[in-house]
Amino acid sequence: QVVNIYSARHYSTDQALYDNFTKETGIVVRRIDGREDELVERIRSEGAASPADILITVDASRLFAADRMGLFAPLQSAVLQSRVPAHLRTPNWIAFSTRARVIVYDKARVDRAAVSTYESLADPKLKGQVCVRSGAHPYNLSLGAAMIAHAGEAATEQWARGLVANFARAPKGGDTDQIKAVAAGECGVAIVNSYYLARLMRSRTPEDQKTMAAVGTVWPNQQSWGTHVNVSGAGILKTAPNKANAIRFLEYLASDQAQVYFADGNNEWPVVTTVKVQNPALDAMGPWKADASPIERWSPLTADAQKVFDRAGWR
Ligand code: FE
(Lines give C-alpha, C1' and ligand atoms only; values in the text may rest on other atoms or scores of the structure.)
Protein backbone atom coordinates (compact mmCIF):
# COMPACT_ATOMS: atom_id res chain seq x y z
CA GLN A 1 0.00 0.00 0.00
CA VAL A 2 1.56 3.27 -1.15
CA VAL A 3 0.67 6.84 -2.02
CA ASN A 4 2.93 8.89 -4.27
CA ILE A 5 3.08 12.59 -3.49
CA TYR A 6 4.70 15.27 -5.62
CA SER A 7 5.22 18.16 -3.27
CA ALA A 8 6.33 21.74 -3.78
CA ARG A 9 6.14 22.21 0.02
CA HIS A 10 9.15 21.15 2.02
CA TYR A 11 9.25 22.20 5.61
CA SER A 12 10.93 20.39 8.46
CA THR A 13 7.69 19.44 10.24
CA ASP A 14 6.25 17.89 7.08
CA GLN A 15 8.26 14.70 7.72
CA ALA A 16 6.36 14.11 10.97
CA LEU A 17 3.16 14.71 9.01
CA TYR A 18 3.96 11.90 6.57
CA ASP A 19 5.28 9.52 9.25
CA ASN A 20 2.06 9.88 11.24
CA PHE A 21 -0.04 8.96 8.23
CA THR A 22 1.96 5.79 7.67
CA LYS A 23 1.71 4.92 11.38
CA GLU A 24 -2.08 5.35 11.30
CA THR A 25 -2.85 3.63 8.02
CA GLY A 26 0.11 1.42 7.08
CA ILE A 27 0.21 3.24 3.74
CA VAL A 28 3.76 4.10 2.75
CA VAL A 29 4.29 7.67 1.56
CA ARG A 30 6.66 8.07 -1.37
CA ARG A 31 7.45 11.72 -1.81
CA ILE A 32 9.14 13.65 -4.57
CA ASP A 33 10.01 17.21 -3.61
CA GLY A 34 10.59 19.80 -6.27
CA ARG A 35 9.75 23.21 -7.59
CA GLU A 36 6.13 23.60 -8.60
CA ASP A 37 6.81 24.13 -12.34
CA GLU A 38 9.23 21.17 -12.44
CA LEU A 39 6.69 18.88 -10.78
CA VAL A 40 3.89 19.93 -13.13
CA GLU A 41 6.20 19.44 -16.13
CA ARG A 42 7.16 16.02 -14.82
CA ILE A 43 3.53 14.96 -14.40
CA ARG A 44 2.73 16.11 -17.93
CA SER A 45 5.71 14.35 -19.49
CA GLU A 46 5.05 11.14 -17.54
CA GLY A 47 1.48 11.20 -18.85
CA ALA A 48 -0.69 8.17 -18.19
CA ALA A 49 2.32 6.31 -16.78
CA SER A 50 2.89 8.90 -14.01
CA PRO A 51 3.21 7.34 -10.55
CA ALA A 52 1.99 10.63 -9.00
CA ASP A 53 -1.22 10.40 -6.96
CA ILE A 54 -1.24 13.85 -5.36
CA LEU A 55 0.19 17.27 -6.20
CA ILE A 56 0.71 19.49 -3.16
CA THR A 57 1.62 23.08 -3.82
CA VAL A 58 1.12 26.67 -2.71
CA ASP A 59 -0.89 29.50 -4.19
CA ALA A 60 -4.39 29.36 -5.67
CA SER A 61 -3.16 30.62 -9.04
CA ARG A 62 -0.83 27.61 -9.36
CA LEU A 63 -3.51 25.14 -8.27
CA PHE A 64 -5.91 26.72 -10.72
CA ALA A 65 -3.30 26.50 -13.52
CA ALA A 66 -2.67 22.81 -12.82
CA ASP A 67 -6.42 22.21 -12.85
CA ARG A 68 -6.85 24.11 -16.12
CA MET A 69 -4.21 21.83 -17.68
CA GLY A 70 -6.60 19.01 -16.85
CA LEU A 71 -4.30 17.35 -14.31
CA PHE A 72 -6.78 16.89 -11.44
CA ALA A 73 -9.61 14.41 -10.94
CA PRO A 74 -12.84 15.41 -9.14
CA LEU A 75 -12.52 15.20 -5.34
CA GLN A 76 -15.27 13.10 -3.86
CA SER A 77 -15.07 13.01 -0.09
CA ALA A 78 -17.69 13.76 2.53
CA VAL A 79 -14.90 14.24 5.08
CA LEU A 80 -13.23 16.99 3.04
CA GLN A 81 -16.59 18.63 2.35
CA SER A 82 -17.45 18.80 6.01
CA ARG A 83 -14.00 19.75 7.34
CA VAL A 84 -12.83 22.35 4.78
CA PRO A 85 -14.97 25.51 4.49
CA ALA A 86 -16.78 25.80 1.15
CA HIS A 87 -14.98 29.00 0.12
CA LEU A 88 -11.62 27.21 0.38
CA ARG A 89 -12.34 24.33 -1.99
CA THR A 90 -13.18 23.73 -5.62
CA PRO A 91 -14.50 20.54 -7.25
CA ASN A 92 -10.97 19.38 -8.14
CA TRP A 93 -8.58 20.88 -5.57
CA ILE A 94 -8.71 21.94 -1.98
CA ALA A 95 -6.91 24.22 0.48
CA PHE A 96 -5.30 22.93 3.69
CA SER A 97 -3.79 26.09 5.13
CA THR A 98 -4.10 29.82 4.62
CA ARG A 99 -1.73 32.77 4.47
CA ALA A 100 -2.58 36.46 4.34
CA ARG A 101 -1.11 39.09 2.01
CA VAL A 102 -0.44 41.99 4.36
CA ILE A 103 1.10 45.45 4.30
CA VAL A 104 4.29 46.33 6.18
CA TYR A 105 5.46 49.90 6.67
CA ASP A 106 8.35 51.86 8.11
CA LYS A 107 7.12 52.95 11.54
CA ALA A 108 9.52 55.91 11.60
CA ARG A 109 8.47 57.36 8.25
CA VAL A 110 4.97 56.26 7.31
CA ASP A 111 1.64 57.02 8.94
CA ARG A 112 -0.22 53.77 9.58
CA ALA A 113 -3.56 55.35 8.63
CA ALA A 114 -2.17 56.18 5.16
CA VAL A 115 -1.56 52.50 4.32
CA SER A 116 -4.67 50.77 5.66
CA THR A 117 -5.83 49.29 2.35
CA TYR A 118 -4.33 47.79 -0.81
CA GLU A 119 -6.00 50.66 -2.67
CA SER A 120 -4.23 53.27 -0.50
CA LEU A 121 -0.84 52.13 -1.84
CA ALA A 122 -1.73 53.67 -5.20
CA ASP A 123 -2.27 57.12 -3.64
CA PRO A 124 0.20 59.66 -5.17
CA LYS A 125 1.08 60.69 -1.58
CA LEU A 126 3.15 57.50 -1.43
CA LYS A 127 5.25 58.33 -4.50
CA GLY A 128 8.66 56.68 -4.36
CA GLN A 129 7.75 54.59 -1.29
CA VAL A 130 6.25 51.28 -2.46
CA CYS A 131 8.23 48.04 -2.72
CA VAL A 132 6.75 44.78 -3.95
CA ARG A 133 8.00 41.72 -5.80
CA SER A 134 7.34 41.10 -9.50
CA GLY A 135 3.83 41.46 -10.90
CA ALA A 136 4.36 38.12 -12.61
CA HIS A 137 4.66 36.30 -9.26
CA PRO A 138 1.69 34.09 -8.29
CA TYR A 139 1.26 35.86 -4.91
CA ASN A 140 0.60 39.17 -6.65
CA LEU A 141 -1.44 37.60 -9.44
CA SER A 142 -3.73 36.04 -6.82
CA LEU A 143 -4.11 39.40 -5.07
CA GLY A 144 -4.88 40.98 -8.45
CA ALA A 145 -7.45 38.26 -9.17
CA ALA A 146 -9.18 38.86 -5.83
CA MET A 147 -9.23 42.59 -6.51
CA ILE A 148 -10.73 42.05 -9.97
CA ALA A 149 -13.43 39.89 -8.34
CA HIS A 150 -14.28 42.68 -5.90
CA ALA A 151 -13.67 45.89 -7.83
CA GLY A 152 -13.58 44.89 -11.50
CA GLU A 153 -10.83 44.87 -14.09
CA ALA A 154 -10.81 48.61 -14.85
CA ALA A 155 -10.42 49.62 -11.19
CA THR A 156 -7.71 46.99 -10.69
CA GLU A 157 -5.77 48.30 -13.68
CA GLN A 158 -6.03 51.84 -12.38
CA TRP A 159 -4.78 50.62 -9.01
CA ALA A 160 -1.85 48.77 -10.57
CA ARG A 161 -0.87 51.89 -12.55
CA GLY A 162 -0.90 53.98 -9.37
CA LEU A 163 1.10 51.33 -7.53
CA VAL A 164 3.74 51.20 -10.27
CA ALA A 165 3.93 55.02 -10.27
CA ASN A 166 4.71 54.83 -6.52
CA PHE A 167 7.50 52.24 -6.76
CA ALA A 168 10.64 53.05 -4.78
CA ARG A 169 12.57 50.72 -7.11
CA ALA A 170 11.94 48.20 -9.87
CA PRO A 171 10.51 44.98 -8.38
CA LYS A 172 13.21 42.58 -7.24
CA GLY A 173 13.67 39.81 -4.69
CA GLY A 174 11.14 37.88 -2.60
CA ASP A 175 8.81 39.02 0.16
CA THR A 176 11.49 38.84 2.88
CA ASP A 177 13.67 41.17 0.80
CA GLN A 178 10.82 43.70 0.74
CA ILE A 179 10.45 43.56 4.55
CA LYS A 180 14.21 44.09 4.97
CA ALA A 181 14.17 46.97 2.47
CA VAL A 182 11.42 48.67 4.51
CA ALA A 183 13.44 48.22 7.71
CA ALA A 184 16.54 49.58 5.96
CA GLY A 185 14.68 52.72 4.85
CA GLU A 186 14.87 51.90 1.15
CA CYS A 187 11.07 51.64 0.94
CA GLY A 188 8.31 53.12 3.08
CA VAL A 189 5.79 50.35 2.54
CA ALA A 190 5.57 46.85 1.04
CA ILE A 191 3.11 43.99 0.39
CA VAL A 192 4.17 40.60 1.77
CA ASN A 193 2.83 37.21 2.84
CA SER A 194 2.17 36.79 6.55
CA TYR A 195 4.39 33.74 7.12
CA TYR A 196 7.53 35.66 6.12
CA LEU A 197 6.73 38.08 8.93
CA ALA A 198 6.03 35.23 11.36
CA ARG A 199 9.35 33.63 10.43
CA LEU A 200 11.22 36.88 11.20
CA MET A 201 9.21 37.33 14.43
CA ARG A 202 10.31 33.88 15.61
CA SER A 203 13.92 34.39 14.55
CA ARG A 204 16.52 34.83 17.31
CA THR A 205 19.13 36.61 15.20
CA PRO A 206 19.68 40.25 16.26
CA GLU A 207 19.47 41.33 12.62
CA ASP A 208 15.96 39.86 12.17
CA GLN A 209 14.83 41.27 15.51
CA LYS A 210 16.04 44.70 14.43
CA THR A 211 14.13 44.33 11.18
CA MET A 212 10.90 43.47 12.98
CA ALA A 213 11.35 46.33 15.47
CA ALA A 214 11.45 48.81 12.59
CA VAL A 215 8.33 47.72 10.72
CA GLY A 216 4.64 47.83 11.49
CA THR A 217 2.05 45.43 10.07
CA VAL A 218 -1.35 46.34 8.68
CA TRP A 219 -4.23 43.96 7.95
CA PRO A 220 -5.45 45.56 4.75
CA ASN A 221 -9.08 46.29 3.89
CA GLN A 222 -10.56 45.55 7.33
CA GLN A 223 -13.38 48.04 6.65
CA SER A 224 -14.14 46.64 3.20
CA TRP A 225 -13.66 43.17 1.69
CA GLY A 226 -11.06 41.95 4.17
CA THR A 227 -7.42 40.92 3.85
CA HIS A 228 -6.61 38.79 0.80
CA VAL A 229 -6.01 35.18 1.74
CA ASN A 230 -4.08 32.67 -0.28
CA VAL A 231 -3.66 28.97 0.32
CA SER A 232 -1.50 25.93 0.29
CA GLY A 233 -3.44 23.03 -1.15
CA ALA A 234 -3.61 19.83 -3.15
CA GLY A 235 -5.40 17.86 -5.80
CA ILE A 236 -5.52 14.20 -6.84
CA LEU A 237 -4.19 13.51 -10.32
CA LYS A 238 -6.43 12.09 -13.00
CA THR A 239 -3.80 9.44 -13.70
CA ALA A 240 -3.31 8.52 -10.00
CA PRO A 241 -2.65 4.78 -9.68
CA ASN A 242 -3.61 4.77 -5.97
CA LYS A 243 -6.73 6.94 -5.86
CA ALA A 244 -8.27 5.45 -2.71
CA ASN A 245 -5.04 5.95 -0.77
CA ALA A 246 -4.78 9.47 -2.14
CA ILE A 247 -8.24 10.34 -0.81
CA ARG A 248 -7.28 8.89 2.57
CA PHE A 249 -4.18 11.07 2.61
CA LEU A 250 -6.09 14.26 1.80
CA GLU A 251 -8.67 13.39 4.46
CA TYR A 252 -5.78 12.89 6.87
CA LEU A 253 -4.47 16.38 5.99
CA ALA A 254 -7.82 17.75 7.14
CA SER A 255 -7.58 15.92 10.51
CA ASP A 256 -6.97 17.95 13.69
CA GLN A 257 -3.50 16.54 14.20
CA ALA A 258 -2.33 17.00 10.61
CA GLN A 259 -3.80 20.49 10.32
CA VAL A 260 -1.54 21.68 13.11
CA TYR A 261 1.60 20.21 11.51
CA PHE A 262 0.63 21.31 8.05
CA ALA A 263 -0.08 24.90 8.99
CA ASP A 264 2.55 25.39 11.67
CA GLY A 265 5.32 24.05 9.42
CA ASN A 266 5.15 27.33 7.54
CA ASN A 267 3.49 29.62 10.11
CA GLU A 268 0.11 29.43 8.35
CA TRP A 269 -3.44 29.12 9.65
CA PRO A 270 -5.29 25.79 9.48
CA VAL A 271 -8.40 25.74 7.26
CA VAL A 272 -10.37 23.64 9.77
CA THR A 273 -11.77 26.38 11.98
CA THR A 274 -11.97 24.34 15.18
CA VAL A 275 -8.25 23.52 15.12
CA LYS A 276 -6.06 25.65 17.36
CA VAL A 277 -2.40 26.23 16.55
CA GLN A 278 0.08 26.99 19.31
CA ASN A 279 2.20 29.54 17.51
CA PRO A 280 3.31 32.70 19.34
CA ALA A 281 3.93 34.60 16.09
CA LEU A 282 0.43 33.84 14.75
CA ASP A 283 -1.10 34.69 18.15
CA ALA A 284 0.78 38.00 18.14
CA MET A 285 -0.79 38.88 14.81
CA GLY A 286 -4.13 38.90 16.59
CA PRO A 287 -7.63 38.59 15.14
CA TRP A 288 -8.32 39.97 11.66
CA LYS A 289 -10.95 39.86 8.98
CA ALA A 290 -10.16 37.66 6.00
CA ASP A 291 -11.61 37.98 2.53
CA ALA A 292 -14.02 35.05 2.48
CA SER A 293 -14.95 35.17 -1.20
CA PRO A 294 -14.89 31.71 -2.81
CA ILE A 295 -11.50 30.67 -4.14
CA GLU A 296 -13.32 28.91 -6.96
CA ARG A 297 -14.62 32.29 -8.12
CA TRP A 298 -11.46 34.42 -7.96
CA SER A 299 -8.66 31.95 -8.76
CA PRO A 300 -9.64 31.76 -12.49
CA LEU A 301 -9.12 35.53 -12.69
CA THR A 302 -5.34 35.20 -12.22
CA ALA A 303 -4.91 35.09 -16.01
CA ASP A 304 -6.77 38.40 -16.30
CA ALA A 305 -4.65 39.83 -13.47
CA GLN A 306 -1.51 39.05 -15.46
CA LYS A 307 -2.84 40.99 -18.47
CA VAL A 308 -3.86 43.90 -16.25
CA PHE A 309 -0.43 44.04 -14.58
CA ASP A 310 1.34 43.80 -17.95
CA ARG A 311 -0.65 46.75 -19.26
CA ALA A 312 0.12 48.70 -16.08
CA GLY A 313 3.84 48.02 -16.47
CA TRP A 314 4.19 45.97 -13.26
CA ARG A 315 7.03 43.72 -14.41
FE1 FE B 1 6.39 32.01 -0.16
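This text walks through a predicted model, from its metal site to its disulfide, a helix, a pocket and several single residues.

Start at the iron ion. Its protein donors are the OH atoms of Tyr139, Tyr195 and Tyr196, which lie 1.9 to 2.0 Å from the metal. Along the chain, the donor residues follow the spacing Y-x55-Y-Y. Tyr139 belongs to helix α5, while Tyr196 belongs to helix α8, residues 194–202, so the pair ties together parts that are 57 residues apart in sequence. Both Tyr139 and Tyr196 are buried.

Next comes the covalent cross-link. How many disulfides does the structure hold? It holds one. Cys131 and Cys187 form it, with their sulfur atoms 2.0 Å apart. The angle about the S-S bond is -80°, and the link is left-handed. Cys131 sits in strand β5, and Cys187 sits in the loop between α7 (175–183) and β6; the pair therefore ties together parts that are 56 residues apart in sequence. Are these cysteines buried or exposed? Cys131 has 1% relative accessibility, so it counts as buried. Cys187 has 0%, so it counts as buried too.

Asp106 leads on from this cysteine. Asp106 is in strand β4, residues 93–106. Its relative accessible area is 8%, under the 20% limit, so Asp106 is buried. Leaving aside neighbours within four places in sequence, Asp106 is in contact with Val182, Gly185, Cys187, Gly188 and Ala214. Cys187, one of these contacts, is also a partner in the disulfide.

Asp177 is found in helix α7. Its relative accessibility is 40%, so Asp177 counts as partly exposed. Take Arg112 as a reference point: Asp177 is 65 residues from it in sequence, and their C-alpha atoms are 21 Å apart in space.

Now turn to helix α6, residues 153–165. Does its length fit or clash with the expected rise? At 1.5 Å a residue, its 13 residues should span 18 Å. The span counts one less than the number of residues. The end C-alpha atoms are 18 Å apart, which agrees. Within α6, the buried residues are Thr156, Glu157, Trp159, Ala160, Gly162 and Leu163. What do they pack against? Their partners are β5 (130–131), α5 (138–151), β6 (189–193) and α14 (302–312). Two of these elements have appeared already: β5 carries Cys131, and α5 carries Tyr139.

Helix α14 also holds Asp304. At 22% relative accessibility, Asp304 counts as partly exposed, because buried means under 20%. Not counting residues up to four places away in sequence, Asp304 touches Ile148 and Glu153. Asp304 and Glu41 are 263 residues apart in sequence, with a C-alpha to C-alpha distance of 23 Å.

Helix α5 offers another contact point in Ala149. Its relative accessible area is 22%, so Ala149 is partly exposed. Beyond its neighbours within four places in sequence, Ala149 is in contact with Arg297, Trp298 and Leu301. For Ala149 and Trp298, the separation along the chain is 149 residues, yet their C-alpha atoms are separated by 5.8 Å.

Then there is open space to consider. The largest pocket has a volume of about 580 Å³. It is lined by 24 residues, and the closest to its centre are Thr98, Trp269, Pro270, Thr273 and Trp288. Which elements each supply at least two residues of the lining? They are β9 (269–270), α12 (280–284) and α13 (295–298).

Finally, look at the backbone. Asn221 has a phi near 60°, a positive value in a residue other than glycine. Asn221 is placed in the loop between β7 (215–218) and β8 (229–236). At 0% relative accessibility, Asn221 counts as buried. Asn267 also has a positive phi, near 55°. Its place is the loop between α11 (256–264) and β9. The relative accessible area of Asn267 is 7%, so this residue is buried.

Definitions and conventions: Residues are numbered from 1 along each chain as its sequence is written. This is a predicted model: local features need pLDDT of at least 70, side-chain atom pairs count only at pLDDT 80 or more; totals for chains, interfaces and linings use all residues. Side-chain values use heavy atoms; hydrogens and water are left out. Helices (H or I, at least four residues) and strands (E, at least two) are DSSP runs, numbered from the N terminus. Buried means under 20% relative accessible area, exposed over 50%, partly exposed in between (1.4 Å probe, protein chains only). Contact means heavy atoms within 4.5 Å. A disulfide is a pair of cysteine sulfur atoms within 2.5 Å. Donors are N, O and S atoms within 2.8 Å of the metal (3.2 Å for Na, K and Ca); water is not among the atoms, so sites may look incomplete. On a 1 Å grid over the protein atoms alone, a cavity is a set of points where a 1.4 Å probe fits but cannot get out, and a pocket is an open set with protein on both sides within 12 Å along at least five of seven lines; lining residues have an atom within 4 Å of a point. Grid points are joined across faces, edges and corners, and a volume is the space filled by probe spheres set on the points.
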